[in-house]
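Here is a short report on one sheet and on the confidence of the model around it. Please look at the structure first.

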Amino acid sequence: MNVKKRTESVNMVADGTDNVILNITVGNAQLGGSLVQFEGNPTILAKGKVENLNLGTKASLQGKTLLVTTNIMDVNDATNGVVVTYFFHACQPPVVTFNDIVDNPGDIFSFNIQFKF
Amino acid sequence: MKKASLLLSVFLICVALHAQTPPTDVKINDLNVPTAPAFVLMDQSPASIEKPTNPKALTVSLFNLLQGGAVEFTPYWFKNHPAYKFSDYFKKVSPISETFALSAASFKKDTISMVAGGFRTQLLRLYSAKAQKESRRIEDSVAPILLADLNLKALDSLKLAITAMKSKPVLNIELAGAYMGQATSFKSLAAVKTGAWLNIRWTPYKFPLDIMGLARYSRAVAPAKTGQDSVFFDYGLSLAYQEKNFDISFEFVNRRDIHAKSDYHRLALVANYQVTDGIIIVASAGKDFSAVNNVLAVFGVKFGLSKEKATL
């Protein structure tokens with residue numbers, strides 16, 4: 001079982017009056033989980049399934065970087081493709097999707113994403 | 001000389017595929033390459049009653065290496081499905097689109113070449129409430145081993161448990177169909193036979209055998225006489241036992257020749273043995289439908305290339 005890694009960076013703009021909310025969906029019937037924290041802050045905001053995670057107001061997010069690690073294990077016999085979608089409420093872009101392929105069945109793909117506000 | 005080159009071909013293919021796919025400790029059902037419907041219509045498949053199996057993105061089957069082969073692919077998995085969650089897999093009762101597979105096959109006998117196209121899809125796939133609950137529990141609790149310490153050993157065990165869960169739906173109904181043509185040259189290619197059938201699999205709770213049923217209608221495109229060109233209705237039952245590296249099934253199929261108003265039957269013992277990851281040796285022995293030359297002895301090798309993500 002190998003672990004394949006990919007690091008990405010996305011510029012985000014909080015554009016509403018509501019708090020920014022994060023939802024993460026792992027697709028392709030694969031099994032995954034995410035770890036969410038702000039850069040430079042050891043506090044883990046969420047671990048595992050991420051649903052309706054309140055990241056704060058537009059003002060509080062200004063200049064911060066949100067670090068999200070999503071690990072996906074290939075458990076789908078029909079495909080080696082992995083896909084993860086990050087949904088942000090009150091933010092632009094509202095949806096960020098990454099997809100890739102593990103080399104061998106049962107391998108793990110690790111997405112390390114920096115969301116820069 | 002011919003035999004030696006054949007054995008050498010088998011060996012080289014085995015070595016090549018072994019090098020591409022590292023072995024994993026999974027059940028044969030997960031790797032078993034289902035027979036393409038096109039092969040089934042040609043009456044060239046080792047088993048007449050097929051266990052409904054989740055199709056792979058791409059599979060290749062060879063029949064006796066020199067006589068023919070089949071390729072099957074599942075269009076649904078040629079693109080990503082971001083909203084399709086792990087637990088959805090166990091909840092979907094009618095996975096028609098995701099299991100819809102197209103196949104093409106060819107088979108050569110003496111100077112006649114047969115080609116066929118086919119499809120199959122699962123109309124119904126029912127998992128127990130316990131399996132559905134377990135899938136949600138796995139989805140919710142995987143974080144500690146997948147994120148914190150990335151416990152690879154625990155993840156391997158989890159993958160095996162998921163594979164075992166997936167291979168045991170309580171009830172599975174698959175619809176398949178194929179259209180076949182034959183020719184001695186490309187110009188003379190003409191449609192000869194078509195058919196559609198249902199494969200039904202029932203796995204009673206804590207019962208060691210799978211019970212499978214078949215209902216198949218096939219007919220010549222322009223039926224002229226009885227025998228190979230006639231209109232048939234096949235129905236039958238199969239009992240299958242599965243172990244880690246092999247499965248064995250005993251099947252009985254009755255064939256009703258509708259025009260001739262007569263019945264034939266087939267009795268067969270079918271075995272699949274997993275040589276290595278993605279390579280299955282399949283053999284069947286018994287009595288075939290016809291009244292003469294009816295000794296059934298089929299041997300073949302099936303290669304699953306499913307683990308690679310297919311791209312167009």
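A:V36 has A:V68 in β7(A) as its bridge partner. A:V68 also stands opposite A:I113 in β11(A). The model is predicted, so local features need pLDDT of at least 70 and side-chain atom pairs count only at pLDDT 80 or more, while totals for chains, interfaces and linings use all residues. Residues are numbered from 1 along each chain as its sequence is written, and chains are lettered from A and ligands numbered from 1 in the order in which they are written.

Strands (E, at least two residues) are DSSP runs, numbered from the N terminus. Two strands pair if DSSP finds at least two bridges between them. Three of the pairs are listed here.

| Pair | Sense | Bridges |
|---|---|---|
| β1(A) and β11(A), residues 108-116 | parallel | 9 bridges |
| β4(A), residues 31-38, and β7(A), residues 65-73 | antiparallel | 8 bridges |
| β7(A) and β11(A) | antiparallel | 9 bridges |

In the first row, A:V10 stands opposite A:F115 in β11(A).

The sheet is open, with 5 strands in the order β1-β11-β7-β4-β5 (chain A) and mixed pairing. β1 (3-11) and β5 (44-48) of chain A are at the edges; each has a single partner strand, so one side of each lacks a neighbour in the sheet. The twist averages 15 degrees from one strand to the next, with axes as lines fitted to C-alpha atoms and angles from 0 to 180 degrees between N-to-C directions.

Now the confidence. pLDDT is the predictor's confidence in each residue, from 0 to 100. Chain B averages a pLDDT of 76, and 75% of its residues score at least 70. Residues 1-33 of chain B stay under 50. So does the pLDDT of residues 306-312 of chain B, which is below 50. For the complex, the predictor gives an ipTM of 0.93 and a pTM of 0.78.

Technical notes:
Helices (H or I, at least four residues) and strands (E, at least two) are DSSP runs, numbered from the N terminus. Two residues are in contact if their C-beta atoms, placed from the backbone, lie within 7 Å.
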